[in-house]
Amino acid sequence: MGAAGSKAHRLERALGAGFPENEHVFGLENFGNTCYCNSVLQALFYCQPLRDKCLEYRMSGLAQDGNDDGLLTSLCELFFSISSQKKRCGVLAPRQFISKLRAENELFNNHMHQESDAHEFLNYLLNEVAEQLEKNEKAKSKDAAGNHVATGGPSSEWSARVASDSMSDDEEERQAAYQCKTWIHSIFEGVLTNDTRCLSCETVTSREESFLDLSLEIEQDSSLNACMRNFSSIESLRGDNKFFCDNCCSLQEAKKRMRIKRLPNVLALHLKRFKYIEQLGRFKKLSYKVAFPLELELDNIASDMPEPDRRYRLFAVIVHMGSGPNHGHYFALVRSHQHWLCFDDDSVDIIEESQIESCFGNAQETQASTETGYLLFYQSEASILSSHTDSDSQISAENSTATAATANNSPSPSPSEKIKGRIGPKVSVGVKRLAKVSTPKRLA
Ligand SMILES: [Zn+2]
């Protein structure tokens, strides 16, 4: 532990006095192919609205009521454990979380075999936690109503999905369904709308679906914005792929378009780098260069939204290195209080912001580097401002029961109008031009 101790000490010094006294930077021990999990946990820990909610949940005592909360409790305990360390830097062993994860899902019980997919894990974790919160909520309202409330079947679906499937299209009902969702939804959930226009009768059929993260197809030497635009491009349905129009009562040629109808507070993006190749009978990694900006603006991509000007800041990147989904290694680049940190299991280093560029991918297939941005986490500027105001007064964990909640998770009336003037000049779409770095320290 001597070497680790002195490393933590060096990191502590490097962070300097400007780094908040109550902020913690802890590497996570690897338990055998658990870097997919460690990297995602680090990204989520530095997702301030999520961290606030987890700490609040733990302080609420719900976690200790003897509930078998599954991963929810384990996650909150881990975040609490990091936040309540006496030292600012060090290494923790997420032992309880990992054994819970392995017990809950065979897919992640992999220590003898191979690496799991970080995106699969992220998606699983968010859904599990949301589901558990919904269960708790239902149990609570059942108690309150003296067991008179019908539970309405299995609660394994997101509330928004339940709304669109089992209810009519009535907007009021849908809104009501949105209100009973969890804090996972209020942080990560966005809504897509899928519009299909029949070319024969011009009827537009709209279908909505919610998402906690978005998966994007990627192309060589492109940008995140190009991928987003591609995601929303118009698709022709014809030939074998015609659309059944309810109005015409027959298969018709149609145009389909997917758009984001409501943006989340935290936008989690998954670049689809693992592609199944029929001929090979396995997944191949696409190391394509996909440039992603530090500041993302989506106004030209999904236009008819309540807040078309929502701007985002990058706060975490999960980088995959290696040749395939089950081979290789994950680490996380995370932004915390003006510093970018590289969390590589138990090792943590400060990196230059400009080094992020080295994880865009390769413009030529022949290039050797395989370190590629895989999951990207953006937080909306409006929610950053509101959570900062909030977290300044927060986190002496012991007395923070009443904090959290915050405006950052109210999806509808946005504070963005109010704070517009404070953000400064409009940032344009695209990659912020950074000085080229010759050899990134850690990534060399
Ligand atoms: Zn039609």
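In what order do the 4 strands of the open sheet come? The close-ups below take that up first, then move on to two helices. Keep in mind that this is a predicted model.

**View 1. The open sheet, strand by strand.** Reading across the sheet, the order is β4-β3-β10-β7, and the pairing is antiparallel. At the edges sit β4 (204–211) and β7 (234–237), each of which has a pairing partner on one side only. From one strand to the next, the twist averages 25°. If you're new to sheets, here's the basic idea: strands pair through backbone hydrogen bonds, in either a parallel or an antiparallel way.

**View 2. The β3–β4 hairpin.** Zoom in on strand β3 (residues 190–198) and you'll find β4 running antiparallel to it, with 8 bridges between the two. One pair to look for is R197 with V204, its bridge partner in β4. The two strands make a hairpin, with 5 residues between them. Check out E202 in the turn, too: its phi is positive, at about 70°.

**View 3. Where β3 meets β10.** On to the next pairing, where β3 and β10 run antiparallel and are joined by 8 bridges. Find L192, and opposite it in β10 you'll see I260. While you're looking along the strands, remember that in a regular strand the side chains alternate between the two faces of the sheet.

**View 4. The β7 edge.** Here β7 pairs with strand β10 (residues 254–262), again in the antiparallel sense, over 4 bridges. To get your bearings, pick out I234, which stands opposite R257 in β10.

**View 5. Helix α4 and its neighbours.** Helix α4 covers residues 71–83, which makes 13 residues. At 1.5 Å a residue it should span 18 Å, and its end C-alpha atoms are indeed 18 Å apart, so the expected span and the model agree. Which residues of α4 are buried? They are L71, L72, T73, S74, L75, C76, L78, F79 and S83. These buried residues pack against four other helices: α2 (35–45), α3 (48–59), α5 (95–104) and α6 (118–144).

**View 6. A closer look at N225.** This residue belongs to helix α10 (residues 224–231). Is N225 buried or partly exposed? Count the neighbours: 19 other C-beta atoms lie within 10 Å, and buried would take 20 or more, so N225 is partly exposed. Now find A291, which is 66 residues away from N225 in sequence. In space, the two are 8.7 Å apart, C-alpha to C-alpha.

Methods: Residues numbered from 1 in each chain as written. Predicted model: local features only at pLDDT ≥ 70, side-chain atom pairs only at ≥ 80, totals over all residues. Expected span 1.5 Å × (residues − 1). Buried ≥ 20, exposed ≤ 12 C-beta atoms within 10 Å, placed from the backbone. Contact = placed C-beta atoms within 7 Å. Pairing = 2+ DSSP bridges. Axes fitted to C-alpha atoms, helices over the stretch in contact; angles between N-to-C directions.
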